[in-house]
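Visitor: I have a model open in front of me and would like to learn how to read it. Could you walk me through it?

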Amino acid sequence: QTLYHQDKTTPYARIISFCDVTAQAQLENTLQQHKQNLDFITQSKGEGLIDWTLHTNHVHYSSQWQTLLGYTPAELGHHINAWHSRIHPTDHPQVIKDLKNCLDGLTPSYHKTHRLQHKDGSYHWLQSQGTVQRDNKGQPYRFLISFTDITEHKRLEQTLVTSKKYEQLLAALPDALLLID
């Protein structure tokens, strides 16, 4: 800013201010390091994360979450519908109800197993768990949810159920012969 004499045309001083931003830069570096650590941990565990800012409905889908469903970051955007629209129709009402119960404080945390549609059209089973962060008035402002693909586990579970049915059937017959071609 320039200061002028009374004639308003002749400057007599300039005011220059400085601000030390070292602390802010260090904080930003620390935050970036924590984000990289979290990304490493979730990728190594094979988990995807959703970070949902409730008042804006803005969602950050981790790259691992997108990979679980066969997408790249540019394909999904940052709206909650990228998740909600991929929930299996049979699972959708209960998932939404459980989310609402958690947001309303009726349940302390969110735990759900449900199916999500993969980019190739198939459905994957995902185990999800989440927590709501609340402000000092108790209002929810952020929802963090992790997802683990349990599709293979569900497939093995179904194979076991089928095997037990055959075992019961064979046990019920006095004499049985099973031929497999």
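Guide: Happily; we will go from the overall fold to the sheet, and then to some side chains. Keep in mind that this is a predicted model.

Visitor: Let us start with the overall fold. How many helices and strands are there in the protein?

Guide: The protein has six helices and seven strands. Along the sequence, they come in the pattern β-β-α-β-β-α-α-α-α-β-β-β-α. Of its 181 residues, 24% count as buried. The protein exposes about 13,000 Å², and carbon and sulfur atoms supply 56% of that area.

Visitor: Now the sheet. In what order do the five strands of the open sheet lie?

Guide: The order is E4-E3-E7-E6-E5, and the pairing is antiparallel. At the edges are strand E4 (58–61) and strand E5 (110–117), each of which pairs on one side only. From one strand to the next, the twist averages 25°.

Visitor: Which way do the side chains of E4 point?

Guide: They alternate along the strand. Val59 and Tyr61 point to one face and are buried, whereas His58 and His60 point to the other and are not. E4 pairs with E3 in the antiparallel sense over four bridges, and valine 59 in E4 is the bridge partner of tryptophan 52. The hairpin of E3 and E4 has four residues between the strands, and there asparagine 57 takes a positive phi near 65°.

Visitor: What about the other edge? Over how many bridges do E5 and E6 pair?

Guide: E5 and strand E6 (residues 123–134) pair over eight bridges, in the antiparallel sense. To find your place there, look for histidine 111, which stands opposite glutamine 129 in E6.

Visitor: Which strands does helix H5 lie across?

Guide: Helix H5 (residues 92–103) lies across strand E3 (47–53), E5, E6 and strand E7 (140–149). The helix runs at about 145° to E5.

Visitor: And where can I see parts of the chain that are 21 residues apart come together?

Guide: Try phenylalanine 147, which is found in strand E7. The C-alpha atoms of phenylalanine 147 and leucine 126 are separated by 6.0 Å, although the two residues are 21 apart along the chain. Phenylalanine 147 counts as buried because its relative accessibility is 0%. For the protein as a whole, residues 24 or more positions apart account for 38% of the contacts with a separation of 6 or more.

Visitor: Next, charged side chains. What lets them pair?

Guide: Side chains of opposite charge can pair when their charged atoms come close. In this model the count comes to seven salt bridges. One of them joins arginine 115 and aspartate 91, with the closest N and O atoms 2.9 Å apart. This pair links distant parts of the chain: arginine 115 is in strand E5, and aspartate 91 is in the loop between helix H4 (81–84) and H5, 24 residues apart.

Visitor: Are arginine 115 and aspartate 91 buried or exposed?

Guide: Both arginine 115 and aspartate 91 are buried. For another setting, look at helix H6 (residues 151–172), where arginine 155 and glutamate 152 are separated by about one helical turn because they are three residues apart. Their salt bridge has its closest N and O atoms 2.5 Å apart. Arginine 155 is at 44% relative accessibility, so it counts as partly exposed. Glutamate 152 is also partly exposed, with a relative accessible area of 45%.

Visitor: Which residue does glutamate 157 meet in a salt bridge?

Guide: Its partner is lysine 154, at 3.6 Å from N to O. Both lie in helix H6, three residues apart, about one turn of the helix. Glutamate 157 is partly exposed with a relative accessible area of 39%, and lysine 154 counts as partly exposed at 23%.

Visitor: One last residue, histidine 124. Why is histidine 124 classed as buried?

Guide: Buried means under 20% relative accessible area. Histidine 124 has a relative accessible area of 16%, so it is buried. The residue sits in strand E6, and a polar contact of 3.0 Å joins its side chain to that of aspartate 149. Leaving aside neighbours within four places in sequence, histidine 124 is in contact with residues including Leu68, His114, Arg115 and Thr151.

Key: Residues numbered from 1 in each chain as written. Predicted model: local features only at pLDDT ≥ 70, side-chain atom pairs only at ≥ 80, totals over all residues. Heavy atoms only, no water. Pairing = 2+ DSSP bridges. Helix = DSSP H or I, 4+ residues; strand = E, 2+ residues; numbered from the N terminus. Axes fitted to C-alpha atoms, helices over the stretch in contact; angles between N-to-C directions. Contact = heavy atoms within 4.5 Å. Salt bridge = Lys/Arg side-chain N within 4 Å of Asp/Glu carboxyl O. Buried < 20%, exposed > 50% of the residue type's maximum accessible area, 1.4 Å probe, protein only. Polar contact = N/O pair within 3.5 Å; in protein donor to acceptor, adjacent residues only side chain to side chain. Areas by Shrake-Rupley, 256 points an atom, 1.4 Å probe, with all protein chains shown as cover.
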